[in-house]
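Here are some exercises to work through with the viewer open. Try each task yourself before you read the solution beneath it.

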Amino acid sequence: MRVSRFLLSTVKETPADAEVISHQLMLRAGMIRKLAAGLYTWLPLGLRVLRKVEAIVREEMDRAGAQEVLMPAVQPAELWQESGRWNQYGAELLRIKDRHHREFCFGPTHEEVITDVIRREIRSYKQLPANFYQIQTKFRDETRPRFGVMRAREFIMKDAYSFHLDLASLQETYDLMHSTYSRIFTCLGLQFRAVEADTGSIGGRSSHEFHVLADSGEDAIAFCDTCDYAANVEMAVSRLPAPSHEAVRAKEKVTTPGIRTVDEQATMLGISHERIVKSIVVMADDKPAVFFICGSDDLNTIKAAHALGAITLRLAEAAEVLAVTGAPVGFVGPLNLPATLTVIVDSQAAQTHNFSSGANQVDYHWINLNWGVDVPLPTVADVRSVCIGEQCPRCDGHLSIRRGIEVGHIFQLGTKYSQALNATCLDEQGKATVMTMGCYGIGVSRIVASAIEQNNDAQGIIWPNSIAPFHVALLPMNMHKSYRVREAAEKLYDELCAAGIEVLFDDRKERPGVMFADMELIGIPYRLVLGERGLDEGVIEYKERRTNTGQNIGLADVVAFMQAQLTQ
């Protein structure tokens with residue numbers, strides 16, 4: 001492609017509203033342009049990268065035996081009402097009406113649509129298992145769209161859905177999709193981790209997220225430094241410390257005037273944060289509950305919601321705490337709470353002996369409380385967030401925590417949607433059986449931004465070869481003043497293109513500095529510079545973008561050399 005015929009819209013200034021490096025560089029490189037909050041036009045340079053990501057995803061999905069379909073982006077409300085998600089999904093669902101005042105939504109996902117298709121098309125177990133995917137536009141009305149295409153309202157997604165007669169078949173396809181996703185992200189040239197994750201609004205039995213490791217990631221993931229254990233911090237667990245064999249002491253109520261925080265309590269009583277069991281009152285689906293965790297820990301609200309079987313969960317207001325427990329914030333403890341109140345203690349706090357906690361009375365705390373002695377042990381559940389350095393739950397290794405960008409998510413849905421939409425088929429005995437489902441998503445447009453987050457420097461983007469918009473930048477020096485340079489550049493351009501190498505031929509009347517800066521900004525992996533001196537010596541200057549190393553190559557050897565570079 002000749003630059004003179006290509007919309008190369010680079011800018012020097014960093015846009016003021018671009019917070020992360022991928023957003024900044026995609027705007028500066030002329031890959032995208034903002035239309036409205038969370039809505040972007042993909043310009044030719046960006047679209048070339050997007051299409052390459054799509055091609056890799058499509059190739060691997062086809063290789064795994066999935067069948068490609070294309071479903072409507074606009075979906076009727078009746079399907080979502082049938083599944084129960086029309087009201088449950090919340091404000092992210094863009095609800096619209098047609099001219100007849102019938103309700104629709106712009107699909108954020110397609111579980112309902114594909115289930116409706118399959119319940120009409122598949123009749124027998126002989127047609128199972130089956131896996132269907134599409135690459136298509138989605139819309140989620142984000143509360144605060146940000147970071148460019150990383151968290152846009154409109155985005156490109158690959159979503160796939162599998163159908164099975166039983167859980168064993170689902171597990172086989174789930175495992176296949178796990179390995180397929182690993183191949184996809186490896187082919188894309190990304191550093192990634194697959195982690196255990198919460199199923200969120202999609203629902204289902206279990207799930208794994210695939211994260212590109214990057215400091216700008218919105219998610220925190222915990223992983224072992226020894227084995228392959230990895231999980232989103234929303235789900236991560238660590239090994240419980242060995243139980244204490246400390247002798248039980250007699251409980252004692254002590255005066256603690258004005259002492260509300262864990263730090264104040266530890267200082268006044270001269271004890272460690274681990275010896276304090278603090279209370280956290282929540283409203284789960286508008287019903288009160290109390291969690292008790294160690295003073296050194298943080299409540300994991302996702303785990304807490306799961307422990308209660310709640311859809312929504314928030315921290316209670318001060319007035320709510322007083323009304324629910326009879327004590328103000330800072331003085332709530334496990335002894336003598338109302339019997340009707342749901343109480344859960346974290347599994348680590350449940351092992352704590354001779355601990356301090358609120359006395360459910362202003363300016364008083366208990367010391368030397370013990371579960372099963374002074375207070376009945378409530379329901380126990382893991383509801384704390386893990387910390388760096390804690391022991392892995394599977395081996396003797398220790399946990400590290402890094403930021404990650406979620407680019408893929410696979411779910412074992414079970415029968416959540418097939419049951420609600422009555423998607424059945426006949427089994428071997430001729431009995432109607434509800435099909436079991438799996439769901440597998442990849443954020444195609446988000447991958448483009450994630451790749452930039454991992455591959456950049458002060459000059460701009462450094463694309464992995466597999467998704468670079470062009471393989472080679474061909475830069476002739478002062479071509480419009482030199483017939484020899486122009487003739488040699490045109491000849492080399494034709495030869496490279498004939499060899500299947502994607503070339504961006506900078507045939508503009510620009511200074512060398514401008515040409516170099518543009519090619520570094522847009523991240524072309526390899527650069528070939530041709531000038532009068534090189535022609536005299538029969539060589540061309542070659543430079544690799546990632547390593548910034550270069551060398552001179554004989555003109556007769558350029559095509560073979562570049563083919564070798566691209567096949568490494």
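**Exercise 1: A loop with a proline**

P129 sits in the loop that links α5 (111-121) to β7 (130-139). This is a predicted model, so treat each value below as computed from it.

*Task.* Find which kind of peptide bond joins L128 and P129.

*Solution.* Start with the general expectation: most peptide bonds are trans. Next, look at omega between L128 and P129, which is about -5°. The bond joining these two residues is cis.

**Exercise 2: Two aspartates in a loop**

*Task.* Work out where D285 lies, then decide whether D286 is buried or exposed.

*Solution.* Step one is location. D285 lies in the loop between β14 and β15, and D286 is placed in the loop between β14 and β15 as well.

Step two is the backbone. Most residues other than glycine have a negative phi. D285, however, has a positive phi near 50°, and D286 has a positive phi near 70°.

Step three is accessibility. Exposed means over 50% relative accessible area, and partly exposed lies between that and the 20% limit for buried residues. D285, at 31%, is therefore partly exposed, while D286 reaches 63% and so counts as exposed.

**Exercise 3: The sheet around β14 and β15**

*Task.* Give the strand order of the open sheet that contains β14 and β15, and say which strands stand at its edges.

*Solution.* First, the order: the 5 strands run β16-β14-β15-β17-β20, with mixed pairing. Then, the edges: β16 (313-315) and β20 (379-381) each have a single partner strand, so one side of each is left without a neighbour in the sheet. From one strand to the next, the twist averages 35°.

Now zoom in on one pair. β15 (residues 287-294) and β17 (residues 342-346) run parallel and are joined by 4 bridges. Within this pair, V290 stands opposite V343 of β17.

Finally, add the helix. α9 (residues 318-325) lies across β14 (277-284), β15 and β16, and runs at about 100° to β14.

**Exercise 4: A second open sheet**

*Task.* Trace the sheet that includes β27 to β31, and find which helices lie on it.

*Solution.* Begin with the order, β28-β27-β29-β30-β31, which makes an open sheet of 5 strands with mixed pairing. Its edge strands are β28 (503-505) and β31 (550-554), each of which pairs on one side only. The twist averages 25° from one strand to the next.

Walk across the sheet pair by pair:

- β27 (residues 472-476) and β28 pair in the parallel sense over 3 bridges, and A473 has L504 of β28 as its bridge partner.
- β29 and β30 are antiparallel, with 4 bridges, and L528 has Y542 of β30 as its bridge partner.
- β30 and β31 also run antiparallel, joined by 5 bridges, and I540 has I553 of β31 as its bridge partner.

The last of these pairs is a hairpin: 5 residues lie between β30 and β31, and N548 in the turn has a positive phi of about 60°.

Then place the helices. α12 (residues 483-498) packs on the sheet, touching β27, β28, β29 (526-530) and β30 (539-544), and its direction makes about 160° with that of β28. α13 (residues 512-522) lies across β27, β28, β29 and β30, running at about 175° to β27.

**Exercise 5: A pair of helices and a covered one**

*Task.* Describe how α2 packs against α11, then list the buried residues of α1.

*Solution.* Two packed helices are described by the angle between their axes and the distance between the axes. For α2 (residues 44-63) and α11 (residues 444-454), these are about 115° and 9 Å. Angles of 65 to 115 degrees count as roughly perpendicular, so α2 is roughly perpendicular to α11. The crossing is right-handed.

The contact is made by V49, L50, V53 and E54 of α2 together with V444, S445, I447 and V448 of α11. By type, these residues divide into 6 nonpolar, 1 polar and 1 charged.

Turn to α1 (residues 21-28), where 7 of the 8 residues are buried. They are S22, H23, Q24, L25, M26, L27 and R28. Their cover includes α11 and α13, along with β1 (32-36), β2 (39-42), β25 (456-457) and β26 (460-461). After α1 comes G30, with a positive phi near 75°.

Technical notes: Residues numbered from 1 in each chain as written. Predicted model: local features only at pLDDT ≥ 70, side-chain atom pairs only at ≥ 80, totals over all residues. Heavy atoms only, no water. Pairing = 2+ DSSP bridges. Axes fitted to C-alpha atoms, helices over the stretch in contact; angles between N-to-C directions. Contact = heavy atoms within 4.5 Å. Parallel < 35°, antiparallel > 145°, perpendicular 65-115°, else oblique. Left-handed = near helix turned anticlockwise from the far one by under 90°. Nonpolar A, V, L, I, M, F, W, Y, C, P; charged D, E, K, R; others polar. Buried < 20%, exposed > 50% of the residue type's maximum accessible area, 1.4 Å probe, protein only.
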